[in-house]
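Here's a walk through the model, one region at a time. Have the viewer open and follow along.

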Amino acid sequence: MHKSGNTVGFWSAVAMGIGAMVGAGIFALLGQAGAIASSAVWMSFVAGGFIALLSGYSMGRLGARYPSAGGLVEYLVRGYGKGLFSGSMSVMMYLSSVVSISLIARTFGAYAYAMLPAGLPGILVEVFAAAVVLAFMLVNLNGARSMALAENLVVAVKMGVLVVFAIAGIIYMDPSRLSPADYPPVTTVFFSLAITFFAYEGFRVITNAAEDMEDPARTLPRAIMTAIVLVMILYVAVSLAVFGNLTTDEVIAAKDFALAEAAKPIFGQTGFIIISLAALLSTSSAINASLYAATNVTYQLAKYGDLPAIFGKPIGHSREGLIISSVIIVLLAVFLDLSQIAAIGAISTLIIHMTVHIGHLRLLRETGAVVWLIVLAVLVNLFAIVLSGIYLGQKSPMLLVWIGGFFALSLMIEIFLRLFTGRTIGVRAPK
């Protein structure tokens, strides 16, 4: 099992998970979730957090038994063997992570541009998006310790800002804005589950740090659950603060800047600027942590799996997969509109998680996990997938076709690599 020579401790792992979760999700997606769930969006964040906790328990037990830099890739192979299915799902997971990071980078560019004087060329959004990815690529080239130190600092700052905002927002909010009488039907609230769960899905990056932990069997599960609980509390508090100070129409109108807009009634323009800066920190730290995870996934696929060997070639204190992934992310962030692709990525992530949990059922004797918790993890993920599919079928049916195409692309890439490289995905953690 590879060791980088650097150690990721408990709080560094927690910070990594928080950094990946509290990124574009709460800043860029709150308005979209609010458009569906209205002022009851906090209920959707609770439900999304519940799904994340069950998924976190399953992956924490898997990671404790199979500590691997490949994270979910390792778990897929353990659960389904070295066949075409596990390889295709692993490729799909990599593609989903690249798309997700691209969306976060684009969000960073939009926030950065919004803080500049009016009238500047719009292409600066793409420039900022590319610059932040390249900057954190250089940070990650210095290895796990540099990544962890940067993540600790950024997470501490942004969490401090968001906590102050949430507390002040709740103190000064108008409770009538959160009246249950104004809530939409419960089924409508749950239609936003794909969006709110997507705000949590970054916790899985902690699994990719398993090889850099001194005692992953103890540290990994605790770090995952701690990060999810802290983020759930934050998301619910922020949701209450926003919808307690703005009407639903104002939240929807503000779109990506709902949090910053909600700070105005409390702190004025200064609050708007501070929250906007926190958004920049949040998206940048999410990119930092996610790049680290994507690098470990590509290394797993390259050395023991089915990506070209160049992805696993050492460079600095990292691997060339970091550079290749960063280039792909920059291209996507600069040239594509990722708003619809984000929906595809969210549902694809739910499908990947559910697949991992089903595979876990075959490994219960080895992981020692509680069987009914794993079964429940499968069922709640399926529930969210079905509801999301129904909603997309009503609002954007073509996105369902794109999701099918996403699976097909992953399968084609897997078949192509097997035919031309002769590589089959394998395990990495010791038995």
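## Helix H1, a covered start

In H1, the buried residues (buried means under 20% relative accessible area, exposed over 50%, partly exposed in between, with a 1.4 Å probe and protein chains only) are Phe-10, Ser-12, Ala-13, Val-14, Ala-15, Met-16, Gly-17, Ile-18, Gly-19, Ala-20 and Met-21. That's 11 of the 12 residues of H1, which is mostly covered. The helix runs over residues 10-21 and reaches 17 Å from its first C-alpha to its last, close to the 16 Å expected at 1.5 Å a residue. The expected span here is 1.5 Å times one less than the number of residues in the helix.

A quick note on ground rules: this is a predicted model, where local features need pLDDT of at least 70, side-chain atom pairs count only at pLDDT 80 or more, and totals for chains, interfaces and linings use all residues. Residues are numbered from 1 along each chain as its sequence is written, and side-chain values use heavy atoms, with hydrogens and water left out.

## The chain as a whole

Zooming out, the chain has 18 helices and 2 strands; helices (H or I, at least four residues) and strands (E, at least two) are DSSP runs, numbered from the N terminus. Of the 431 residues in the chain, 59% are buried. The chain exposes about 16200 Å², and carbon and sulfur atoms supply 70% of that. Accessible areas come from the Shrake-Rupley method with a 1.4 Å probe, and for residues only the protein chains shown count as cover.

What share of the contacts join residues at least 24 apart, among those between residues at least 6 apart in sequence? The figure is 82%, with contact meaning heavy atoms within 4.5 Å.

## Helix H4 and Ser-58

H4 covers residues 41-65. Its 25 residues should span 36 Å at 1.5 Å a residue, and its end C-alpha atoms are 36 Å apart, so the two agree. Because 18 of those 25 residues are buried, H4 is largely enclosed by the rest of the structure.

Is Ser-58, a residue of this helix, buried or exposed? Ser-58 is buried, at a relative accessible area of 0%. Its side chain makes a polar contact with the side chain of His-360 at 2.8 Å. A polar contact is a pair of N or O atoms within 3.5 Å; within protein, one must be able to donate a hydrogen and the other to accept it, and residues adjacent in sequence count only if both atoms are side-chain atoms. Leaving aside neighbours within four places in sequence, Ser-58 is in contact with His-357, His-360 and Ile-374.

## Salt bridges

Side chains of opposite charge can pair when their charged atoms come close. The structure holds 4 salt bridges, each being a side-chain nitrogen of Lys or Arg within 4 Å of a carboxyl oxygen of Asp or Glu. One of them joins Glu-366 and Arg-65 (3.5 Å, N to O). Glu-366 lies in helix H16 and Arg-65 in helix H4, so this pair ties together parts that are 301 residues apart in sequence. Both ends are partly exposed: Glu-366 has a relative accessible area of 43%, and Arg-65 has 27%.

Another salt bridge pairs Glu-74 with Arg-78, with the closest N and O atoms 3.0 Å apart. Both lie in helix H5 (residues 72-80), 4 residues apart, about one turn of the helix. An α-helix has 3.6 residues a turn, so residues three or four places apart point the same way. Glu-74 is buried at 0% relative accessible area, and Arg-78 counts as buried at 16%. Then there's Glu-201 with Arg-204, whose closest N and O atoms are 2.9 Å apart; Glu-201 and Arg-204 are buried too.

## A nonpolar patch

On the surface, a nonpolar patch of about 830 Å² includes Ile-358, Leu-361, Val-370 and Trp-372. Patches are made of residues with over 30% relative accessible area and no salt bridge: like charges are joined within 9 Å, nonpolar side chains (Val, Leu, Ile, Met, Phe, Trp, Tyr) within 5 Å. Helix H17 (residues 371-395) gives the largest share of the patch, 7 residues. Val-370 sits in the loop between H16 (364-367) and H17, and is partly exposed at 35%.
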